[in-house]
Protein chains: 2
Amino acid sequence: MNVIEYINSFMPLSDETVDELSAKARTQDLPKNFLLQKEGEICNRTFYVEKGLVRWYYINRDGKNITDSFGVENSFVTAFDSFFQRRPSRYFIETLEDSTITSITYDDLEETFEKFPEVQKLSRLILIQILEQVLDKNVALQFHNAQERYEFITEKHPDLLQRVSLGHIASFLGITQETLSRIRAKK
Amino acid sequence: MNVIEYINSFMPLSDETVDELSAKARTQDLPKNFLLQKEGEICNRTFYVEKGLVRWYYINRDGKNITDSFGVENSFVTAFDSFFQRRPSRYFIETLEDSTITSITYDDLEETFEKFPEVQKLSRLILIQILEQVLDKNVALQFHNAQERYEFITEKHPDLLQRVSLGHIASFLGITQETLSRIRAKK
DNA sequence: AGTGTTTTTTGATTTAAATCAAATACGATT
DNA sequence: AATCGTATTTGATTTAAATCAAAAAACACT
């Protein structure tokens, strides 16, 4: 599903808006391990994953690589701490598979907001989705042990278990990969 | 600062929009420990904290009371898993101090969205703020030990330490109150 | 197929924080 | 001021998961 089809599936837009967005969007086929965003940079694009998989992560004080979340097909991803506020980001965003990514720049999006207010609504709806995901993960991590965290991902994101390395899953769940491997072995 | 003044401070609205919102908003003085929202109910209002303090929390599998976050003066709070999607919430929201709370219902807000599109933008900006807070907390919790979590709150929300009980702070940070008490004693 | 690289598993040990339990301090109310 | 209830601190013990280390398995490339 391309980005226009996806948007239409939950909030139909006028033809004019679709034309405008289509004209401004850029679609790219990117290889595995391509960096869409680097720490320290102001993120200038919001990405839509048409095909493939991305993850966003940061480097913590100990130099460890912590996966904050994944973006599967039909997800919007950006450096949420940077794109809107125009501040340097703490996040990296990278593809984990060969991916087809559509994106739009901050300026183009802002321009579209002004011209077509319905895009404000669209953006609001997408933000709500993202906020929900993030809160879900919060609940899953806080005061849940390693076993329960693993169950969270098997229930909510079983597809990821097939596609993502153990190390990335572990850091997403806030546990070490050794611990995750042992949990998996028990079943 | 009342809600209109606060909104005006970061996104000035037209007089018509202000009038509409003012007409639809309800302001209440509520005592400490008043429940604004109960688990299992569809949250029908978004709240603005003009004065006082609220927390939102949920009950986990073990029956423990987990503080997800606080809303200080000039914050918007709602059951984010419920208000927008019209689904039963897992959250409770309660006042922790005598508070002045302004709120608007879902239907009134939706109506205002339709009449005055600039409110869509306002809502989007508020959602971005909230998303940032939540992500910040994610980063603070994931792979940080109890000491570091405590530092997060002393740096980002020092005011809360004076106003909120140790137990609530501890559950917000994902640690037990005994552990938090010991950390505090060391300094 | 064979070699090198990365990922995952397994084992032994340590450690931070949870748990359990009790004492102390604090606050509100009469 | 005395009492009751709640919140916080302190202590002893247990435990889950991290760490350290190395082997095994999976994958990628020539």
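1. In this predicted model, A:K121 is partly exposed, because its relative accessibility is 25%. Its partner across the interface is B:E114, with which A:K121 forms a salt bridge whose closest N and O atoms are 4.0 Å apart. The pair runs between chains, from helix α4 of chain A (residues 118-141), where A:K121 lies, to helix α3 of chain B, which holds B:E114. B:E114 is classed as exposed, given a relative accessible area of 54%.

2. A salt bridge is also present between B:K121 and A:E114, again with 4.0 Å between the closest N and O atoms. The cut-off for such a bridge is 4 Å, and the reader may wish to keep this in mind when considering B:K121 and A:E114, at 4.0 Å. In total, 6 salt bridges are counted between chain B and chain A, while the structure as a whole holds 22 over all chains.

3. B:R87 and A:E132 form a salt bridge through their side chains, with an N to O distance of 3.1 Å. This pair likewise crosses between chains: B:R87 sits in the loop between β6 (75-77) and β7 (92-95) of chain B, and A:E132 in helix α4 of chain A. With a relative accessibility of 39%, B:R87 is partly exposed. A:E132, at 13%, is buried.

4. Within chain B, the side chains of B:D68 and B:K137 meet in a salt bridge at 3.9 Å, N to O. B:D68 belongs to strand β5 and B:K137 to helix α4 of chain B, so the bridge ties together parts that are 69 residues apart in sequence. Both B:D68 and B:K137 are buried. In chain A, a network of salt bridges links A:E20, A:K24, A:E111 and A:K115.

5. The protein interface involves 44 residues of chain B in contact with 44 residues of chain A. Together the two chains bury about 3900 Å², of which 56% is on carbon and sulfur atoms. On the side of chain B, the residues losing the most area to chain A are B:R124, B:Q142 and B:F143, which together account for 19% of what that side buries.

6. Polar contacts across the interface of chain B and chain A amount to 14 residue pairs, with both residues at pLDDT 80 or more. The elements of chain B that each supply at least two residues to the side touching chain A are β4 (54-59), β5 (65-71), α3 (106-115), α4 (118-141), α5 (146-156) and α7 (166-173). The largest share, 16 residues, comes from α4(B). By class, this side of chain B comprises 20 nonpolar, 10 polar and 14 charged residues.

7. DNA strand C is surrounded by 18 residues, the closest being A:S181, A:R182, B:N145, B:A146 and B:T179. Of the atoms of DNA strand C that come within 4 Å of the protein, sugar and phosphate account for 62%. Phosphate oxygens of this strand lie 3.0 Å from a backbone N or O atom of A:L166 and 3.4 Å from an N or O atom in the side chain of B:K64. A base nitrogen of DNA strand C is 3.3 Å from a polar side-chain atom of B:E178.

8. Two or more residues of the surface near DNA strand C come from each of α7 (166-173) and α8 (177-186) of chain A and α8 (177-186) of chain B. The greatest contribution is that of α8(A), with 6 residues. The class composition of the surface near DNA strand C is 4 nonpolar, 8 polar and 6 charged residues.

9. Around DNA strand D there are 18 residues, of which A:N145, A:A146, A:T176, A:T179 and B:R182 come nearest. Sugar and phosphate make up 61% of the atoms of DNA strand D that come within 4 Å of the protein. A polar backbone atom of A:A146 is 2.6 Å from a phosphate oxygen of DNA strand D, and a backbone N or O atom of B:G167 is 3.3 Å from a phosphate oxygen of that strand. A base oxygen of DNA strand D lies 3.2 Å from an N or O atom in the side chain of A:R182.

10. The surface near DNA strand D draws at least two residues from each of α8 of chain A and α7 and α8 of chain B. Here α8(B) provides the largest share, 6 residues. By class, the surface near DNA strand D holds 4 nonpolar, 8 polar and 6 charged residues.

How values were computed. Residues numbered from 1 in each chain as written. Chains lettered and ligands numbered in written order. Predicted model: local features only at pLDDT ≥ 70, side-chain atom pairs only at ≥ 80, totals over all residues. Heavy atoms only, no water. Contact = heavy atoms within 4.5 Å. Buried area = accessible area lost by both parts, 1.4 Å probe. Polar contact = N/O pair within 3.5 Å; in protein donor to acceptor, adjacent residues only side chain to side chain. Helix = DSSP H or I, 4+ residues; strand = E, 2+ residues; numbered from the N terminus. Nonpolar A, V, L, I, M, F, W, Y, C, P; charged D, E, K, R; others polar. Near = heavy atom within 4 Å. Buried < 20%, exposed > 50% of the residue type's maximum accessible area, 1.4 Å probe, protein only.
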